[in-house]
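With the structure open in your viewer, please follow this tour one selection at a time. Each stop names what to select and then says what is there.

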Amino acid sequence: MTDAPVLEAPVLEAKAIVKVFGQHRALDGVDFTAHAGEVHALLGENGAGKSTLIKILTGAYQPDGGELLLDGQPIHLRDPLHGQTYGIGTVYQEVNLLPNRSVAENLFLGRQPTRFGLVDRKRIDAQARDLLGRYGLEIDVRAELSEYSVAVQQIVAIARAVELSGKVLVLDEPTASLDRNEVQRLFDVVRGLKAKGLAIIFITHFLDQVFDLADRVTILRNGRKVASQPLNTLNTTDVVRMMLGKDVAFDHHPTALAGGPKGAVRVQFQGIGRKGMAPFNLAVHEGEVVGVAGLLGSGRTEVARLMFGVDGAETGQVLVDGQPVTIRNPAQAVAAGFGFCPEDRKLDGIFGDLSVRENIIIALQAKLGWFKALNREDQVELAGRYAEALDIRAANHDMPVKLLSGGNQQKVILARWLAIDPTFLILDEPTRGIDVGAHAEIVRTINRLREEGLALFVISSELDEVVAYSNRIVVMRDREMVAELDGDTIAPDAIVQAIAGTPEEAHP
Amino acid sequence: MTRPTVDLRPTGQPPLPRPRPIATFFTRPQVIALAAVLLVNWALFPGFFTITWQDGRLFGSLIDVLNRGAPVAILAIGMTMVIATKGVDLSVGAVMAISGATAATLVTNGVPAPVAVLAALGTGVLCGLWNGILVTLLDIQPIIATLVLMVAGRGLAQLITEGTIVTFADPLLIFIGTGSFLGLPMPVVIALVLMILATLLVRRTALGLLIEAVGVNRSAARFAGLKANALLLIVYTFAGFCAAISGLIVAGDIRGADANNAGLWLELDAILAVVIGGTSLMGGRFSIPMAVLGAMIIQAMNTGILISGFSPEFNLVVKSAVIIVILVLQSPLSARLFRRLPGAQK
C-alpha cells in the first residue's frame with residue numbers, strides 16, 4: 001500500500017517541542033501535525049509524553065523549546081482558555097462539565113443568550129436541542145447532566161468543545177469508561193466531525209479503536225517520537241513493537257534464565273480473581289523473576305494489586321511456602337513477607353515529608369507492630385545499610401525524601417521492602433520516570449536480588465527491560481493472562497504477537 | 001534454602017549529631033511568642049510574675065494562666081494527634097459538655113464519685129470512637145464527621161441533664177476542678193501528667209511515626225502495610241478521652257454541669273493551640289508539648305486582656321489577629337518570601 005495522499009498544510013503543527021520537568025525531559029524534540037479532516041491517534045505507554053504533548057497543544061503547559069503553528073502562524077498559548085479562542089478544544093476522559101446543571105446550561109455556560117439582561121432559558125433550551133440534534137442526540141436538555149450516561153456526557157462535552165473552538169478537537173481517552181455500543185456511538189459523532197473538516201487528535205489505550213477510527217498515528221516513547229505514519233501501512237504488531245521498543249534489543253541473560261531447575265516454589269496464587277479480572281494461577285519460585293508484559297489497561301497493575309491485597313481477591317487462595325495465607329489487605333500481605341513498589345510512586349509510595357531513614361524503616365516498623373519501636377540507632381543502621389546496598393544518593397538520611405530524585409526515591413521504596421527481608425517482591429513499573437543511569441542500576445538490582453534467591457514479580461512496559469531480567473514472562477491482554485513464555489520461548493516476536501493477539505487466536 | 005539478603009557490609013555513615021534540645025527549645029518561635037505575651041502582660045500589670053504560697057498552694061497570675069489554660073491544653077493533646085493524621089475534631093467542646101453532664105448527673109443520683117468519673121471518661125471514649133468510625137469505616141471527611149457530634153453532642157448533654165444546670169457538692173469532682181497537688185492546681189497537674197504520658201506513648205513506641213506517616217500520605221501508609229484505620233480509630237478515641245477529662249475539670253471548677261456553655265467554642269481554641277504549636281493542618285509532623293505551649297500562649301493572651309482592664313470582647317479580636325499572623329507565616333507565599341529575602345537583589 002502506498003502512502004496516503006499527501007495532505008495539505010496542517011491546521012496545527014508542533015515543531016521540535018521540548019518540555020523539561022526538573023531533570024526529566026518529558027518531551028525531547030517532538031514534531032506533531034494535525035490536518036483538517038483527519039483523525040490522528042496519539043499512542044504511547046505511560047510516561048511516553050502523550051499527556052505532556054496534549055497539554056502543550058491545548059495551552060495547559062508552555063513548551064521549553066520548539067514552536068506551535070496554527071494555520072502556519074506561530075501561536076503562544078497562555079492557557080487552555082486561550083487555546084480555545086484559537087479553535088483548539090479538548091474533551092477529557094473525566095467529563096469536565098457541571099454535573100448538577102442542566103445539559104443546556106452546560107452547553108452554553110459562559111455565553112448564555114440573554115434577554116433584557118437575563119438568561120433566556122427558552123432560547124438556551126431550543127438552541128441546545130438544535131445543537132445536540134446535529135449529533136443525533138434527542139434528549140431532554142433541561143435535565144441535569146448527571147442523569148445521563150458517560151457516553152452522552154462525552155457527546156455533550158464534544159458538542160460544547162466544537163461549538164467553542166471548531167478547528168482542532170483533542171479527545172483524551174474519551175472511551176475509557178464506555179461500553180462497546182457507546183464507543184460506536186461516540187465514533188459516529190467523531191466521524192461526522194471529521195467529515196466537516198475538523199482536525200481530531202485521539203488518545204487511547206485501545207489499539208482496536210485506533211485501527212477502527214484513526215487515519216494516522218503518532219507513537220511516542222520516552223519523550224521522543226518513534227513514528228508518525230498512516231495507519232493503513234501498519235498492523236497491530238508493528239504498533240505494539242513501536243510502542244514497547246523500536247527494535248526490541250533482547251539482552252537475554254542466558255545463564256540464569258535458561259529455564260533450568262529453579263528453587264522451591266515460594267508463592268503460589270491459585271485461582272485468584274475478582275470482578276473484572278479473570279482468575280489466574282501463578283507460582284513464583286525462589287530465585288525467579290516472573291516478568292509481566294502487556295499494554296496499559298491489560299490488567300497488569302490489577303494483578304499486582306490483587307496479589308498484595310490492595311484490592312481484595314474474591315476467589316482463590318494464596319500459599320506461601322506451601323502454607324495457605326489470608327491476604328485481604330496490604331498489612332496482611334506485608335505480614336506474609338510480601339513487598340510492593342507501586343506504579344505511582346508519589347501517590348502510593350513515598351512519604352514526602354518524612355525522612356529518608358523513616359521512609360526506609362516504615363514497612364518493617366509496621367510489620368513489627370506499634371509497640372516494638374525500632375530505636376534510633378537501629379533505624380540509622382538499617383537505613384545506612386540499605387542506602388549503601390542500593391547506592392541511594394542523599395546528603396543525609398534525615399532529609400525529607402521528597403527532595404530526592406525519582407530514581408533515588410524508587411530505591412528508597414525498594415530499600416523499604418528489602419528491610420523486611422521479603423519472601424516475594426512485586427515491582428510495578430520500577431523504572432518509570434527515572435533517569436537512564438538509575439534505570440540501569442534498578443535493572444541490575446533486580447538481577448542481583450534474583451541471584452540472591454528472592455522471588456520477584458515485575459511489571460514493565462519496557463519490553464527489552466522485562467526480557468533482561470525475567471525467567472518467565474506472563475503476557476496479559478484484556479485483564480487476562482493469555483500466554484506464558486518460558487526459557488527458550490522468550491523471543492521478541494512471540495511476546496509482541498502475544499500482546500497484539502496473533503491472527504490465529506484473535507479475540508472476538 | 002536460605003533467606004535472600006542483600007549484601008550487608010557495615011557502612012561508613014557516621015552517627016548523626018543529635019540536636020541539642022535545650023538550646024533549640026528557647027529559639028523556637030512558640031517559646032519566643034509566649035515570652036513576648038508574658039512580657040506584655042507584665043508591662044500591663046507589674047505584679048504579673050508574682051507568685052505567692054498560701055494555704056499549701058501557689059497563687060499568682062502565672063499560676064492562673066496555667067490553671068485556666070489547662071482544659072484547652074488537654075484538648076490540644078488529643079487534637080494534635082488528630083490533626084497529625086490530616087484530620088480535625090470539632091466535637092471536643094460538645095464532648096466536654098457530655099462528660100460533665102454525665103458525671104454531675106450520676107453523682108447527684110447517688111452514684112459513687114469514682115464510678116461517675118469513670119463513666120464520664122467512658123462516654124468520652126465512646127464519643128471519640130464514634131467519630132473514628134465515621135472517619136474510617138464510612139470514610140467521611142473528618143470536618144463533617146465530627147461536626148455531627150459537635151451539634152448533636154450539646155443536645156445529648158442537655159438530655160442527660162434534662163435541660164437544667166446540674167450542681168453538685170461531691171468532693172472528688174470538686175477536687176478535680178479546684179484542688180491542688182504539690183502546690184499546683186489539679187488541672188495543671190492533670191495536663192502535665194497527660195502531656196508527659198502522651199508524649200512518651202507516641203515517642204517511645206512507633207505510634208508517633210506511624211501517625212505521622214498516615215497524615216503525610218494515607219495511601220502510601222496502606223501500601224506500606226500500616227493499619228491506617230486502626231490508628232485513626234485510636235487517635236479519635238484518644239481525642240474523645242482528652243475532651244472528657246477537660247469536661248470533668250470544667251464541671252468541677254463551677255461545681256455544676258452546664259450543658260449549654262461547658263466547653264463552648266473550645267474546640268477552636270484547641271485547634272488554634274495545635275496550629276500555633278507548629279503542627280500543620282495538612283498532617284504529618286506533630287509535637288504534643290508544643291501544642292500545650294500553644295494553649296498557654298492563648299490563655300496568656302486571654303489573661304492579659306482581662307487583667308489590663310480591656311473588655312473581654314477584645315480577646316476575640318486579638319485572637320483572630322494572631323490566627324491571621326500564623327496563617328500568613330505558614331502560607332507558601334511567605335515561605336517563598338522568606339527564602340528570597342536573604343538573597344534578594346536587583
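Begin by selecting residues 1-19 of chain B, where pLDDT stays under 50 throughout this predicted model's stretch, although the model still has 29 contacts beyond four places in sequence for these residues. Move next to residues 341-346 of chain B, where pLDDT again stays under 50 but the model has zero contacts beyond four places in sequence. If you colour chain B by confidence, the lowest mean for an element is the 60 of helix H15 (residues 332-343) of chain B, while helix H5 (residues 113-136) of chain B has the highest, at 96. For chain B as a whole the mean pLDDT is 86, with 88% of its residues reaching 70 or more, and the model scores ipTM 0.82 and pTM 0.75.

Stay in chain B and select helix H9 (residues 207-216) together with helix H11 (residues 228-254), which pack with their axes 10 Å apart at an angle of about 105 degrees. Because of that angle, H9(B) counts as roughly perpendicular to H11(B). Showing the side chains brings up the residues that make this contact, namely B:Leu210, B:Ile211 and B:Val214 from H9(B), and B:Ala228, B:Leu231, B:Leu232 and B:Val235 from H11(B). By class, the contact of H9(B) with H11(B) has seven nonpolar residues, with no polar and no charged ones.

Now turn to where the chains meet, and select the 42 residues of chain A and the 33 residues of chain B that the contact takes. On the side of chain A that touches chain B, at least two residues each come from helix H11 (330-335), helix H12 (345-349), helix H13 (356-368), helix H14 (376-389) and helix H15 (406-418) of chain A. Sorted by class, that side of chain A has 24 nonpolar, seven polar and eleven charged residues.

Colour chain A by its domain assignment next, which gives domain 1 (12-100 + 144-234), domain 2 (263-337 + 422-508) and domain 3 (351-420). Taken over C-alpha atoms, the centres of domain 1 and domain 3 of chain A are separated by 41 Å.

Then select the six strands of chain A that form an open sheet of mixed pairing, in the order S6-S9-S10-S3-S11-S12. Its edge strands are strand S6 (88-91) and strand S12 (224-230) of chain A, each of which pairs on one side only, and neighbouring strands of the sheet are turned by 20 degrees against each other on average, direction ignored. Within it, strand S9 (residues 168-172) and strand S10 (residues 199-203) of chain A run parallel and are joined by five bridges, and A:Val168 has A:Ala199 in S10(A) as its bridge partner. Add helix H8 (residues 236-244) of chain A, which packs on this sheet and touches strand S3 (38-43), strand S11 (216-221) and S12 of chain A; the direction of H8 makes about 30 degrees with that of S11(A).

For the last stop, select the open sheet of four strands in chain A, which has antiparallel pairing and the order S2-S1-S4-S5. Which strands stand at the edges of this sheet? They are strand S2 (24-34) and strand S5 (73-75) of chain A, each with a single partner strand, so one side of each is left without a neighbour in the sheet. Strand S4 (residues 65-70) of chain A runs antiparallel to S5(A), joined by three bridges, and A:Leu68 stands opposite A:Ile75 in S5(A). Finally, helix H1 (residues 50-58) of chain A packs on the sheet and touches strand S1 (12-21) and S2 of chain A.

Methods:
Residues numbered from 1 in each chain as written. Chains lettered and ligands numbered in written order. Predicted model: local features only at pLDDT ≥ 70, side-chain atom pairs only at ≥ 80, totals over all residues. Contact = placed C-beta atoms within 7 Å. Nonpolar A, V, L, I, M, F, W, Y, C, P; charged D, E, K, R; others polar. pLDDT = per-residue confidence, 0-100. Domains from an automatic or database assignment. Pairing = 2+ DSSP bridges. Axes fitted to C-alpha atoms, helices over the stretch in contact; angles between N-to-C directions. Parallel < 35°, antiparallel > 145°, perpendicular 65-115°, else oblique.
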